[in-house]
Amino acid sequence: MGFIGKGLLDGMVVTARNFVGSYFDKERLVTVQYPEERVQTPENSRTFPFLVYDDNKNPVDTMRCVACKICETECPPQCIYIVMDRDEKGKPRQRPKVFDIDTSVCMQCQICVEVCPFDAIKMDNDYEKSRYGRFDELVEHLPDLLKSNEYYGRIKPTEATVVDAKLKAEKEKKAKKAAPAGAKPPTGSKS
Amino acid sequence: MAIPILFVLSVFLGIFAYTTLVERKALGRIQNRFGPNRVGRWGILQPIADGLKLLIKEDIVPRRADQFVHFLAPVIAVIPSILLFSVVPVGTRLVPVDLNIGILFAFAVSTVSVLALFMGGWASRNKFSLLGAMRAVAQVVSYEVPMVLAAVAVVMAVGSLSTLRIARAQSGGILNVTNWFVFRPWGFVGFVLFTIGAMAESARTPFDIPEAESEIIAGYHTEYSGFKFALFQMGEYLASIAMAGITVTMFLGGYNGPGSGPGWVGGLISMFWFFIKLAFMIVLNIWIRGTWPRVRVDQLLGFAWKVLLPMSIANIVAVGMWHYLTFRPLAWVATTLWLVLWFVTLSKLAATENVAPRTYRYAS
Ligand code: SF4
Ligand code: SF4
């Protein structure tokens, strides 16, 4: 039996059920109280790139990046800026002096990661990147970008295991090749 | 007289502040959210934070707006809403002003607020504001009619326009409850009509056509910011609270309830009942706001003129019957039948209304 306003009353029953239910049924309240609670981000989620180094004691010397500038060239929006580090005589030190990523421009495409031949740059999943300014504050410099390999292993375990295995295999091959030539055994300058 | 007025002003402004919080909380829960919970425990300080925020916000006036009228509109929006409280009897010992034309005064004053809405919309020199203002005028003018006619039923039954006498007429009976007008056939219908009218008059969802966000941004207060915007909101909330108070006085027995009486203790108890009923009306308003979708403009006006108006006129006839059929059981049966008959007829008429299928000119 319908009469004018029956649908309206039915609707009010539904909202009343929601109202009461939200106090008793934890399933209903899907809100995550952000600063106190966080959702676990999926392993493959990504935000901005960072540079990997191997030795916690000496990040600058053990970073994998050799400043080859491939990523700088490939980055579609051109948000990477690299200056090679040189010693007094102008000889390249095979590491960047300046490595800037403008996070206001970066579109998180991961292309820099794909093209890097040295597994030196990887995608981070840290999403709390808000800053108080629009310009300089959003540019990440070398010290901000350097993060350890353990960190990488922590945020992306699966991917990191593959990369570690690959790097280890490469190193062993190099060592084997170097050994017959009579050179001294490789005691990790870059381990 | 000064003490009741001060009391009413401060208490109702406090109620206003916390209505906004309760509303946001309840709407949140209805949508399975938390609602404000950051400022203080359960967001208890949220109204203060909101007030501060609005106070220190930049006040932007469009360059080509009519500066004076633009400034005046929010002020005019608040004043009638506050004046409305002056005729609401809060307790047996607490009536701000006992006007012998209280109901008339309430209607006269509450209609002034539409002037403010129109001034605001007109002075902003903004199409959306103007549209909102036009809608507000059309809506308030239409809903005023059934609302006043619903009140006329009560005035006829009591024989007085004074809100205090209306409240007194509902005392007595079992536990001071059975004489409330809402427990009469005509009173119940009048209550529903009046509540709908009051909701439309204070432009609350489902009748928030004048400020329909999804259609015309914010209607008449599109161009208002900072505290002027707050004043508009305040006027609207205060008006709806005051209308709830008048509804309580006219239909829900006012301050009457078990234990209310003329003495000091009875007076305090009567205030308790009044505020309980007021809270009930406010919660009902919020609940409805959280549930019902906004009506269309044509539906809105059609509903006012084709359903509410005939119903309220039938209701006046019902009060007449009630008055002349002094044998009560007969009066009950007769008025109930009469009103149900009208309700069914109007439902049928409204349901069979032919609406031509819409034709879209640009979208296929
Ligand atoms: S991150 Fe990789 S690709 Fe980019 S400069 Fe360093 S080594 Fe080259
Ligand atoms: S993720 Fe894409 S946009 Fe960002 S730095 Fe790497 S290549 Fe450039």
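Modeller: Before we begin, one definition: helices (H or I, at least four residues) and strands (E, at least two) are DSSP runs, numbered from the N terminus. The model we are discussing is predicted.

Colleague: Understood. Where is A:Asp119 found, then?

Modeller: A:Asp119 lies in the loop of chain A between helix H4 (111–115) and strand S4. Although A:Asp119 is not a glycine, its phi is positive, at about 50°.

Colleague: Is A:Asp119 buried or exposed?

Modeller: A:Asp119 is buried, because its relative accessible area is 7% and the limit for that class is under 20%.

Colleague: What is the phi of A:Ala67?

Modeller: A:Ala67 has a positive phi of about 60°, and this residue is not a glycine either. A:Ala67 sits in the chain A loop between H2 and helix H3 (70–74). With a relative accessibility of 3%, A:Ala67 is buried.

Colleague: Turning to the ligands: which residues are closest to ligand 1?

Modeller: The closest are A:Cys65, A:Cys68, A:Lys69, A:Cys71 and A:Cys116, from a shell of 13 residues. By class, that shell around ligand 1 holds 12 nonpolar residues, 1 charged residue and no polar ones.

Colleague: And which come nearest to ligand 2?

Modeller: For ligand 2 they are A:Cys75, A:Cys106, A:Cys109, A:Gln110 and A:Cys112, out of 13 surrounding residues. The shell of ligand 2 has 11 nonpolar and 2 polar residues, with no charged ones.

Colleague: Now the interface. How many residues of chain B are in contact with chain A?

Modeller: Chain B contributes 18 residues, which are in contact with 18 residues of chain A. The two chains bury about 1700 Å² between them, and 65% of that area is on carbon and sulfur atoms.

Colleague: Why quote an area at all?

Modeller: The accessible area lost when the parts come together is often used to give the size of an interface.

Colleague: How many residue pairs are in polar contact between chain B and chain A?

Modeller: There are 9 such pairs between chain B and chain A, with both residues at pLDDT 80 or more. On the side of chain B that touches chain A, helix H1 (2–30), helix H10 (264–291) and helix H12 (328–351) of chain B each supply at least two residues. H10(B) provides the largest share of that side, namely 5 residues. By class, the touching side of chain B comprises 10 nonpolar, 5 polar and 3 charged residues.

Colleague: How many salt bridges are there between the chains?

Modeller: The count between chain B and chain A is 1. It pairs the side chains of A:Glu36 and B:Arg38, at 3.2 Å from N to O. Over all chains, the count is 17 salt bridges. In the pair that crosses between chains, A:Glu36 belongs to the loop between helix H1 (6–24) and strand S1 (49–53) of chain A, and B:Arg38 to the loop between H1 and helix H2 (46–55) of chain B. A:Glu36 is exposed at 55% relative accessibility, whereas B:Arg38 is partly exposed at 45%.

Colleague: What does A:Glu128 pair with?

Modeller: A:Glu128 meets A:Arg38 in a salt bridge of 2.3 Å, N to O. These residues are 90 apart and link distant parts of the chain: A:Glu128 is in the loop between strand S4 (121–123) and strand S5 (139–140), and A:Arg38 is in the loop between H1 and S1 of chain A. A:Glu128 is partly exposed at 34%, and A:Arg38 is partly exposed at 44%.

Colleague: And which residue forms a salt bridge with A:Arg95?

Modeller: A:Asp61 does, with the closest N and O atoms 2.5 Å apart. A:Arg95 lies in strand S3 (residues 92–102) and A:Asp61 in helix H2 (residues 59–62) of chain A, 34 residues apart. A:Arg95 is buried at 18%, while A:Asp61 is partly exposed at 40%. Through shared partners, salt bridges join A:Asp61, A:Asp85, A:Glu88, A:Arg93 and A:Arg95 into one network.

Colleague: Last topic: where is B:Ser312 found?

Modeller: B:Ser312 is in helix H11 (residues 297–324) of chain B, and it is buried at 0% relative accessibility. A polar atom of the B:Ser312 side chain lies 2.8 Å from the backbone oxygen of B:Leu309. Leaving aside neighbours within four places in sequence, B:Ser312 is in contact with B:Pro146, B:Leu149, B:Ala150 and B:Leu193.

How values were computed:
Residues numbered from 1 in each chain as written. Chains lettered and ligands numbered in written order. Predicted model: local features only at pLDDT ≥ 70, side-chain atom pairs only at ≥ 80, totals over all residues. Heavy atoms only, no water. Near = heavy atom within 4 Å. Nonpolar A, V, L, I, M, F, W, Y, C, P; charged D, E, K, R; others polar. Contact = heavy atoms within 4.5 Å. Buried area = accessible area lost by both parts, 1.4 Å probe. Salt bridge = Lys/Arg side-chain N within 4 Å of Asp/Glu carboxyl O. Polar contact = N/O pair within 3.5 Å; in protein donor to acceptor, adjacent residues only side chain to side chain. Buried < 20%, exposed > 50% of the residue type's maximum accessible area, 1.4 Å probe, protein only.
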